[in-house]
Amino acid sequence: MAYSLGIDGSTQSMSAIVIDLDKGDVVCECAINFGERLPQYNSPNGFFNGESSNEVYSDPLMWLDAIDLLFEELKELCDLSKVEAISGAGQQHGSVYLNAQWLKAISHLDSEKTLSKQIKPCLSRPHSPIWMDTSTTLECQEITQALGGNDIICQKSGSVAIERFTGPQIRRFYKTSLEAYPNTARIHLVSSFLCSIFSGQDAPIDTGDGAGMNLMNLKSNTWDDDLVHATAPNLLDKLPDIVQGETIVGKISDYFVKKYGFSEKVSVVVFTGDNPSSLVGTAASTPSKTVISLGTSDTFFAAMPSTVSDPNGFGHVFGNPSGGSMSLQCFLNGSLAREYVKDKYEYSWDQFTDALSETPPGCNGNYMLPFFSPEISPLYNGNGPVLKGTSIFENWRSPKLAIRACIEGQFMNMKVHTDWMQMVPEIIYVTGGASKNTTIIQILSDIFQADVQRLEVSGSVALGGAIRAAQHCLNHSLESLEASFCSNSSEVIKPNESHKELYTKAIEEIESMLLVL
Ligand code: XUL
């Protein structure tokens, strides 16, 4: 009986899933919430602010304590000696800074001590900046200028220089920590740091997560000399190797064998970023399937038929752990925009849904760019939403029209800003709070003219790790793993073809409004 184990080192928790490959079912799942279980780190949501609110850090020792807690619990929930393969993922972009002691310490972990105690002396920077940090605007400008403009950086790395990406973060560290930077022998991503811990060796970075750094060349899948040079001196020596997502890094560290009862034969597959892992865990790692998460912000990601970058520089390209590339586009005005219109009229969610049902597709020619707060797809720092239509609508005097125009505006803007990916989704998998609302996802289906299905899988990031481990170490096919662990029996919403033309015209209106932003 073979088990595969997947790990998810996310912003708020460290979690794991164990799957039984013979039976095709989930053996157990377990999560350690940082805020609840490790309050001594003063990070109720897994992070804390630095001196200014745009500096956001997390403590890598907290992640390590969570790993020990997680396996203490997991070994009670299942027989860990049956695990044959491990992989996993970490929140993207976050970085861990280690001194020269790291290389020895990581291969000599003592199971009598905790992980955090042994790694603490290896940190050259006590805290890790994470993806929520936006303190590097200046560094982004400097890197962009050194490279010769946004277009060049975007073509090379798949994204323009972005505050949360690791390269600009490293540059800021180099500029502000003149002693600690030279003292840093290795800079890991969260994913490669966790992979190092599990494999007991200094692990490589995979192309999926490596692409979220503004340092990797998308064509060669290696560190880009110009980007590395523009980021910080002697950086190349401090970066791990980059490998493809199918790479087996080695066997599990003795630490886990002795302490938690794993077999010493367990293989570890290179870890990846949470979004690339989720692509696998949602069975969407082959082109023609798209995942849209309707959450606080709305996120659209998909396996790409061919590697192209967003000419506007708003979207991102990461490596796809199943080969090729994946795209990711984030829309900040997600749930908060939907809530804003609902609350403006003191509506309940039921009244909100009724308003959608009682108004026609195309909203009688009333259109909204629903940017209630700053947006990144497209870049917009203006004074709230842009409305075009009747005076009643433009003056916010029709709650029903405002609600429909908001939802239609969100999805039409999403369609416009994901066209660069050159993919025609056959099926869109939806997840997140608003995906529960069938009226909302019918509108999504009509605007994209694609089938839409609600995802039943929760914990797709850890599941993606367990699937990748089984695929690459134990020779299970991706198709059979998807069929066993990602099957989806929820209803498929079909697009209403009679609305196609109407939305094509409406999208043209939205495009013209976007042009004059
Ligand atoms: C993606 C991003 C987040 C993090 C944390 O670019 O910043 O999705 O991966 O989940």
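Helices here are DSSP runs of H or I with at least four residues, numbered from the N terminus. The model described is a predicted one.

**The cavity**

The structure holds one cavity of 30 Å³ or more. The largest cavity has a volume of about 70 Å³. Helix 17 (residues 399-416) supplies the largest share of its lining, four residues. Among the residues that line the largest cavity are Asp298, Phe331, Asn333, Pro370 and Glu375. Gly409, Gln410, Asn413 and Met414 also belong to the lining of the largest cavity.

**The second largest pocket**

The second largest pocket encloses about 220 Å³ of space. Its lining is made of 14 residues, and those nearest the centre of the pocket are Lys415, Asp419, Val424, Pro425 and Phe448. Two or more lining residues come from each of helix 18 (438-448) and helix 21 (500-515). Helix 21 gives the most, with four residues.

The table lists both linings by class.

| Lining | Nonpolar | Polar | Charged |
|---|---|---|---|
| Largest cavity | four residues | four residues | two residues |
| Second largest pocket | eight residues | three residues | three residues |

**A helix pair**

Helix 13 (residues 274-281) packs against helix 19 (residues 460-473) at an angle of about 70 degrees, and their axes are 7 Å apart. Helix 13 is therefore roughly perpendicular to helix 19, as angles of 65 to 115 degrees count as roughly perpendicular. The contact residues of this pair comprise four nonpolar, six polar and two charged. On the helix 13 side they are Asp274, Ser277, Ser278, Val280 and Gly281. Helix 19 meets them with Ser460, Val461, Leu463, Gly464, Gly465, Ile467 and Arg468.

Notes: Residues numbered from 1 in each chain as written. Predicted model: local features only at pLDDT ≥ 70, side-chain atom pairs only at ≥ 80, totals over all residues. Heavy atoms only, no water. 1 Å grid on protein atoms, 1.4 Å probe; cavity = no way out; pocket = protein on both sides within 12 Å on 5 of 7 lines; lining within 4 Å. Points joined across faces, edges and corners; volume = space filled by probe spheres on them. Nonpolar A, V, L, I, M, F, W, Y, C, P; charged D, E, K, R; others polar. Axes fitted to C-alpha atoms, helices over the stretch in contact; angles between N-to-C directions. Parallel < 35°, antiparallel > 145°, perpendicular 65-115°, else oblique. Contact = heavy atoms within 4.5 Å.
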